[in-house]
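Biologist: I would like a close look at one part of this model, with its surroundings described afterwards. Please take the part I name below as the starting point and work outwards.

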Amino acid sequence: TRVDKGGHKHFMAKEIAEQPTVIAEAIGHYLSKSGEIRLPDPQIDFANVDRITMVACGTAFLACLTAKYWFEQIARLPVEVDVASEFRYREPPIPARSVALFVSQSGETADTLAALRYCEGKADKIMSVINVPESSIARESDLALPIHAGVEIGVASTKAFTCQLTVLFLLALKAAADRGEITEEARQDHLAQLRRLPALMAEALDQSDAIAMTARKLSNARDVLFLGRGPLYPLAHEGALKLKEISYIHAEAYASGELKHGPIALIDENVPVVVMAPRDALFDKTVSNMQEVMARKGKVILISDREGLSEAGEGVWDTIEMPDVSDAVAPILYAIPAQLLAYHTAVAKGTDVDQPRNLAKSVTVE
Ligand code: G6P
């Protein structure tokens, strides 16, 4: 199938804009109107699972790190996450009653495939979350869940990431129900929040022009820090990764609470700090981390909802406003400003957005 840019300047812009549609697609494939989560056979009963080992590379790895918060907090199921290249050579023991879960857009990443083969005969079940149903990783899994993102051309992954998160969130809710860790009311509440997501993402995309203005300022930076807490911590990594990949600006992510254990030494008026902080249960703690940055003349870009911005937005360098969203699905929504910030910064710098130097869409060699 031939894919064009559909009127956008870059494939990446098109793929960012497609997210409300493809997320709705992905939800529609796995969730019935009445709220039943339906997975293909063989059925896996998570009541019989004591641990999930998740393995991936790049952006897919960051989707795994996010899903760990969901599986552990909502389903009370312990999760180990590792990058494929470390996992395979460490030769970790795989305890009984484990599921090994591999996440890969292409389904062909060499290290991820090798990690899958390492788990064969050791884990009870091999599962994968992939975008290409005919891929090697899908074929070699007991159960492969397609993310229905459609073809992704931009080397920097965008819509595949949010579709991976969507499928993993549904899987965590199924695990929670299987294990009797969630009331039907709480489960339906999470599903209602998930179903609102395409509309919220469309609202977030409306901020694109405003984010482009922020990005113009960011494009002069040499180093940028990203901070987040809880499920927004892996997303801080995704924001930093996207920025590095396509704008070539050095970016690093830290858990907000780790700021004082090192990165605060870097803060001065030349280092912008992107803070991803919806007004969630840990908001006040993140705000106090942010104030430590501002006290050292750091330039804060605060991404939050209206209430969060009015409570903590004073004195920051710039703000990006997101619609209100539940704590659990916040990382899926906040992926949009993370992607747009990187995209517009790269455009401002004039780099090759869809084909960044030295990077490949699919890494099929070690
Ligand atoms: C490459 C791509 C990334 C991607 C990673 C994993 O590094 O540039 O965008 O996240 O591979 O790819 P996969 O196909 O396994 O998700």
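Biologist: How many bridges join strand 8 (residues 272-276) to strand 9, and in which sense do the two strands run?

Modeller: Five bridges join strand 8 to strand 9, and the two run parallel. Strands here are DSSP runs of E with at least two residues, and helices are runs of H or I with at least four, numbered from the N terminus. Two strands pair if DSSP finds at least two bridges between them. The model is predicted: local features need pLDDT of at least 70 and side-chain atom pairs count only at pLDDT 80 or more, while totals for chains, interfaces and linings use all residues. Residue numbers start from 1 along each chain as its sequence is written.

One position in this pairing can be named: V275 is opposite L302 in strand 9. Helix 9 (residues 208-218) packs on the sheet, where it touches strand 6 (223-228), strand 8, strand 9 and strand 10. The direction of helix 9 makes about 150° with that of strand 10. Such angles run from 0 to 180 degrees between N-to-C directions, with axes fitted to C-alpha atoms, for helices over the stretch in contact. Contact between residues requires C-beta atoms, placed from the backbone, within 7 Å.

The sheet itself is open and has five strands in the order 7-6-8-9-10, with parallel pairing. Strand 7 (250-255) and strand 10 are its edges; each has a single partner strand, so one side of each has no neighbour in the sheet. Neighbouring strands are turned by 20° against each other on average, direction ignored.

On its other side, strand 9 (residues 299-305) pairs with strand 10 (residues 318-322) in the parallel sense over five bridges. In this pairing I301 is opposite D318 of strand 10. Strand 9, helix 12 (residues 306-312) and strand 10 together make a right-handed β-α-β unit. Right-handed means that, with the strands pointing away from the viewer, the path from the first strand over the helix to the second runs clockwise.

Y248 is in the loop between helix 10 (232-247) and strand 7, the edge strand already mentioned. Its phi is near 65°, a positive value in a residue other than glycine. Y248 is partly exposed because 15 other C-beta atoms lie within 10 Å; the class covers counts between the limits for buried (20 or more) and exposed (12 or fewer), with C-beta atoms placed from the backbone.

The model has another open sheet of five strands, in the order 2-1-3-4-5, and the pairing is again parallel. Strand 2 (79-83) and strand 5 (143-146) are at the edges, each with a single partner strand, so one side of each is left without a neighbour in the sheet. The twist from one strand to the next averages 20°. Strand 1 is joined to strand 2 by five bridges, running parallel, and I52 has V79 of strand 2 as its bridge partner. Helix 5 (residues 110-119) lies across strand 1, strand 3 (98-104) and strand 4 (125-130), at about 165° to strand 3.

Several loops lead into this sheet. R76, in the loop between helix 3 and strand 2, has a positive phi near 50° although it is not a glycine. With 13 other C-beta atoms within 10 Å, R76 is partly exposed. Most residues other than glycine have a negative phi, and most peptide bonds are trans. The bond between D41 and P42 is cis, with omega about -5°, and P42 belongs to the loop between helix 2 and strand 1. G35 is in the loop between helix 2 (19-30) and strand 1 (51-56). G35 touches Q188 and L191, leaving aside residues up to four places away in sequence. Its C-alpha atom is 9.9 Å from that of E184, which is 149 residues away along the chain. G35 counts as partly exposed because it has 14 C-beta neighbours inside 10 Å. P93, in the loop between helix 4 (84-90) and strand 3, is exposed, since it has 7 C-beta neighbours inside 10 Å.

Finally, the ligand. It is surrounded by 16 residues, the closest being G58, S104, Q105, S106 and T109; a residue is near a molecule if its C-beta atom, placed from the backbone, lies within 6 Å of it. Helix 3 (residues 58-75) gives the most to this shell, with three residues.

Technical notes:
Contact = placed C-beta atoms within 7 Å.
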